[in-house]
Amino acid sequence: MEFTLLAQIVTLSVVLIYVAALVCAVEAILNGRTSQGAIAWTISLLSFPMLSLPLYLIFGRNRFAGYLEKRDEIEREAQRLILRTNSSIEEHVIPVGSDTPFYTSLFNLARMPATAGNKIELLVDGDATFASIEKGLEQATQYILFQFYIIRDDDLSRKLCRILADKAKSGVSVYLLYDEIGSRQFHRSKLRKQLLLAGVEAEPFNTTQGRRNRFQLNFRNHRKIVVVDGKQAWVGGHNVGDEYLGLDKKVGHWRDTHAKVEGPAVLGTEQAFATDWLWATNKQLEVDWSVSRTAPGESTVLVFPSDPASEYEEAGLMFHQTIVAAQRRIWIASPYFVPDRGIVAALQLAALRGVDVRVMIPDEPDGPVVAMANWSFTNELIACGVKVYRYQGGFMHQKVLLMDDQLAGVGTANFDNRSFRLNFEITLLVHDLFFARKVESMLERDFDRSRLVVKEEIANKPAWFTLGMAVARLFSPVL
């Protein structure tokens with residue numbers, strides 16, 4: 001009797017697994033962002049449901065449910081408050097239309113306009129970045145927004161968190177947000193408990209929140225945002241940890257780039273943070289959206305947030321737009337360069353039409369599979385005249401682009417499937433000749449510390465290396 005009951009339970013369980021696998025296969029076909037991914041998941045789910053079903057529930061879905069509703073709510077509220085004040089940013093907004101096709105397409109993706117009148121500062125490496133952030137935090141009198149993918153419990157983190165705690169005790173509203181996976185050690189740390197006791201609101205961005213996201217561990221909030229009093233904002237590649245100051249002996253020099261912006265564009269960084277905060281806490285951010293947005297500079301800045309909840313692959317389309325719009329030059333620096341087919345084709349066409357296309361990646365990428373995938377795409381690109389440089393002055397982690405003589409981008413998004421489809425990212429696109437020249441000088445110094453890959457180097461690799469590149473390329477959609 002007991003055996004019969006056990007057999008019935010096992011049979012029912014197997015049937016339910018097969019039914020669930022079939023449902024997931026249909027979902028993969030209907031919602032897959034790429035045909036290759038949809039085909040791979042469908043075959044796996046129908047052939048090996050016992051193994052594939054849990055993997056699909058964790059890694060398979062590429063649409064983050066529920067987030068867009070929060071984003072709409074924040075944007076409506078921000079717009080309502082801005083219109084109520086006499087010190088509106090409307091006079092600084094770049095109008096979209098037929099005479100500004102570049103900004104029109106990006107506005108439709110970013111859902112916020114570019115603004116003029118900003119002051120932008122390029123921050124090269126950790127010492128300059130964290131000195132600037134520390135100074136800004138000390139100046140806070142109303143509120144601080146502090147968001148990073150990784151926050152350690154080390155000397156740098158404790159130094160910055162001490163400032164946050166002191167500010168909270170003095171009456172400044174301090175909101176700290178971190179990725180639940182990237183900062184999992186910080187979440188359990190004594191440092192976080194001390195911040196909470198000091199009055200800092202420190203919360204994880206919980207990507208598994210919500211019924212439809214219950215098993216999702218594949219999404220990451222990769223944004224790095226600091227805002228002080230709605231007047232100053234910092235965005236870039238650094239996380240909070242000693243290694244970002246080059247203090248990790250195993251890693252050595254950490255090459256990274258951040259940017260500080262003052263002016264009306266700060267509002268865009270606040271909106272991105274506020275949406276994440278609403279998702280994480282179910283609470284509206286208590287900041288003054290109508291604070292005066294002065295115009296302290298001459299730079300046009302578009303704050304470009306991207307996320308896996310949207311209908312479009314915003315980060316990938318943004319990069320694609322800058323590549324196809326380039327007439328003279330497109331330089332890209334990214335530690336993770338595993339692009340999709342569209343990006344590869346755009347880079348190839350740009351090089352074939354005479355654009356100076358350069359890609360800079362670390363000479364020692366983060367992980368062997370990523371390294372082999374990088375070599376695979378390098379082999380394909382240099383055949384068309386794209387110059388690929390491998391940075392040798394330490395680990396290069398910056399996410400920077402330079403288009404022609406006037407447009408530069410600094411942010412958190414890499415040139416890979418994760419940033420295009422799975423991560424929450426943010427990029428500052430700066431239209432300013434003077435700032436572009438600073439980025440140009442910075443990248444030229446980086447190129448001097450890099451070696452240019454030539455065809456013969458790849459041709460002389462052993463046979464197993466060629467096979468390794470091909471295998472790694474198969475995994476590129478999930479890297």
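**Exercise 1. How much area does the chain expose, and what share of it do carbon and sulfur atoms supply?**

Solution. Keep in mind that this is a predicted model.
- Start with the surface: the chain exposes about 20,800 Å².
- Now split by element, and carbon and sulfur atoms turn out to supply 56% of that area.
- Turn to the inside: of the 479 residues in the chain, 56% are buried.
- For the secondary structure, count 17 helices and 20 strands.
- Last, take the contacts between residues at least 6 apart in sequence: 82% of them join residues at least 24 apart.

**Exercise 2. Compare the end-to-end span of helix α7 with the expected one, then work out what its buried residues pack against.**

Solution.
- α7 runs over residues 155-169, so with 15 residues at 1.5 Å a residue it should span 21 Å.
- Its end C-alpha atoms are 21 Å apart, which agrees.
- Next, pick out the buried residues of α7, using under 20% relative accessible area as the cut-off. They are Leu 156, Ser 157, Leu 160, Cys 161, Ile 163, Leu 164, Ala 165, Lys 167 and Ala 168.
- Those residues pack against α6 (125-138), β2 (143-148), β3 (173-179) and α9 (190-198).
- Past the helix, check the backbone: Gly 171 follows α7 and has a positive phi, near 105°.

**Exercise 3. Do the same span check for helix α10, and find how many of its residues are buried.**

Solution.
- α10 covers residues 266-281, 16 in number.
- From first C-alpha to last it reaches 22 Å, close to the 22 Å expected at 1.5 Å a residue.
- On burial, 16 of its 16 residues are buried.
- After α10 comes Asn 282, with a positive phi near 65°.

**Exercise 4. Is Ala 110 buried or exposed?**

Solution.
- Locate it first: Ala 110 belongs to helix α5 (residues 101-110).
- Its relative accessibility is 0%, so Ala 110 counts as buried.
- Then look across the fold: Phe 304 is 194 residues away in sequence, yet the two C-alpha atoms are 5.2 Å apart.

**Exercise 5. Describe the second largest cavity and its lining.**

Solution.
- The structure holds three cavities of 30 Å³ or more.
- The second largest has about 50 Å³ of space.
- Its lining includes Phe 319, Ile 332, Ala 333, Lys 399, Val 400, Gly 409 and Phe 415.
- Strands β11 (329-333), β16 (400-403) and β17 (407-411) each give two or more residues to that lining.
- Sorted by class, the lining has seven nonpolar, four polar and one charged residues.

Note on methods: Residues are numbered from 1 along each chain as its sequence is written. This is a predicted model: local features need pLDDT of at least 70, side-chain atom pairs count only at pLDDT 80 or more; totals for chains, interfaces and linings use all residues. Side-chain values use heavy atoms; hydrogens and water are left out. Helices (H or I, at least four residues) and strands (E, at least two) are DSSP runs, numbered from the N terminus. Buried means under 20% relative accessible area, exposed over 50%, partly exposed in between (1.4 Å probe, protein chains only). The expected span of a helix is 1.5 Å times one less than its number of residues. On a 1 Å grid over the protein atoms alone, a cavity is a set of points where a 1.4 Å probe fits but cannot get out, and a pocket is an open set with protein on both sides within 12 Å along at least five of seven lines; lining residues have an atom within 4 Å of a point. Grid points are joined across faces, edges and corners, and a volume is the space filled by probe spheres set on the points. Ala, Val, Leu, Ile, Met, Phe, Trp, Tyr, Cys and Pro count as nonpolar, Asp, Glu, Lys and Arg as charged, and the others, Gly among them, as polar. Contact means heavy atoms within 4.5 Å. Accessible areas come from the Shrake-Rupley method with a 1.4 Å probe; for residues, only the protein chains shown count as cover.
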